[in-house]
Amino acid sequence: MPLYQVVVLALVQAATEFLPISSSAHLIVVPWLFGWQDQGLLFDVALHLGTLAAVLLYFAKTWIRLLFLAAGRKVRPVSRDDPDSDLEDNPRLFAYLVAATFPAGVAGLLLEDYVKTIFRSPLVVAGMLIAVGLVIWWAERAGRLERNLGAVSLGDALTIGCAQALALIPGTSRSGITISAGLFRGLQRTAAARFSFLLSSPIILGASVKAGWEVWRHGGVGGEWQAPFLLGIVVSGVAGYAVIGYFLRYLQRSTMLPFVYYRVIFGIMIVVLASFFGLPPSGNP
């Protein structure tokens, strides 16, 4: 794979993994638009490792605090200006995050064959882009924006976790559907996004481990793939870290409505391409 293609796809993955616009849809459409061959499982591993590193590094202090709070201890006193200051009000948040991972995990095991076949239809991708875009629009209008992470309940966590299971369908956007679920439950935008990104860590880890196992079964990383593999990890990791920070700052002052418009336009574009040019349903998850 040419290195410029590695960089483009890594940037696409980094941006669309965390913004509410669906990484799966973009990783299907972008290679098709440029006439590139399918990037394959190996590069998928690199992209997932990069975005996993980004979310773990960005929230490293948060995870440490969650673990210590779950054990009944504090890492250090935090000021009210600290973005994690609300964690002290919710020592059970770590347990809630664990519980919220189960719906997507169970759905992934039950629907794996559908995810690889039927769900990858371009019309399904387009339909989910538009449908979830409308859900985000509804969530923005209906959300009360009253509560932070300190007020998240088990019911909130399970609702968001069940919403995350829908992200198995390409075009949904894991961040889009989970943040919307948080808004419906009355969370503030930044609180919903932080919970969403924290919840993504075990999911991305699971995807990375699964894909890595498949690569290992097929002989591991060959010499010609080592440079693209490493470059993909670095670019998607660095860019993903920047995107997380940007999006959290953006949500402090703005709504997700611009992403709704983008999703609807992109979904219509996919329908047009599929109708006139036969957009293939294959691509990277």
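Helices here are DSSP runs of H or I with at least four residues, numbered from the N terminus.

**Figure 1. The whole chain, an all-helix pattern in a predicted model.** Reading along the sequence of this predicted model, you get α-α-α-α-α-α-α-α-α-α-α. That comes to 11 helices and 0 strands. Of the 285 residues, 49% are buried. Take the contacts with a separation of 6 or more, and 81% of them are between residues 24 or more positions apart. The accessible surface is about 13100 Å², with 67% of that belonging to carbon and sulfur atoms.

**Figure 2. Asp 84 and its two arginine partners.** The structure holds 7 salt bridges, and this view picks up two that share Asp 84. With Arg 65, the side chains meet at 2.8 Å, N to O. This pair links distant parts of the chain, since Arg 65 is in helix α4 (60–70) while Asp 84 is in the loop between α4 and α5, 19 residues apart. The second bridge runs from Arg 194 to Asp 84 at 3.0 Å, N to O. Arg 194 lies in helix α9 (residues 189–217) and Asp 84 in that α4–α5 loop, so this pair ties together parts that are 110 residues apart in sequence. Are these charged partners buried or exposed? Asp 84 counts as buried because its relative accessible area is 6%, under the 20% cut-off. Arg 65 makes the same cut at 7%, and Arg 194 is buried too.

**Figure 3. Glu 140 meets Arg 189, and the shared-partner network.** Here the closest N and O atoms of the salt bridge are 2.8 Å apart. Glu 140 sits in helix α6 (residues 122–142) and Arg 189 in helix α9, so to speak a link between distant parts of the chain, 49 residues apart. Both Glu 140 and Arg 189 are buried. Elsewhere, salt bridges that share partners join Arg 65, Asp 84, Asp 86 and Arg 194 into one network.

**Figure 4. Thr 101 in helix α5.** This residue is found in the helix spanning residues 93–116. What does the side chain of Thr 101 reach? The backbone oxygen of Val 98, at 2.6 Å. Leave aside the neighbours within four places in sequence, and Thr 101 is in contact with Leu 199, Pro 202 and Ile 203. Thr 101 counts as buried because 18% relative accessibility falls under 20%.

**Figure 5. Tyr 246 and Tyr 250, a tilted aromatic pair.** There are 14 aromatic pairs in the structure. In this one, the rings of Tyr 246 and Tyr 250 are 6.0 Å centre to centre, with 35° between the planes. Both tyrosines lie in helix α10 (residues 223–251), 4 residues apart, or about one turn of the helix. How do they compare in exposure? Tyr 246 is partly exposed at 38% relative accessibility, whereas Tyr 250 is buried at 11%. Zoom out a bit and both belong to one aromatic cluster, along with Phe 18, Tyr 58, Phe 59, Phe 197, Tyr 241, Phe 247 and Phe 259.

**Figure 6. Confidence along the chain, and residues 281–285.** Mean pLDDT is 86, and 87% of the residues reach 70 or more. Over residues 281–285 the pLDDT is below 50, yet beyond near neighbours in sequence this stretch has 22 contacts in the model. Where pLDDT is low, predicted coordinates should not be read in detail.

Terms used: Residues numbered from 1 in each chain as written. Predicted model: local features only at pLDDT ≥ 70, side-chain atom pairs only at ≥ 80, totals over all residues. Heavy atoms only, no water. Helix = DSSP H or I, 4+ residues; strand = E, 2+ residues; numbered from the N terminus. Buried < 20%, exposed > 50% of the residue type's maximum accessible area, 1.4 Å probe, protein only. Contact = heavy atoms within 4.5 Å. Areas by Shrake-Rupley, 256 points an atom, 1.4 Å probe, with all protein chains shown as cover. Polar contact = N/O pair within 3.5 Å; in protein donor to acceptor, adjacent residues only side chain to side chain. Phe/Tyr/Trp six-rings, centres within 6.5 Å; stacked < 30°, edge-to-face > 60°. pLDDT = per-residue confidence, 0-100. Salt bridge = Lys/Arg side-chain N within 4 Å of Asp/Glu carboxyl O.
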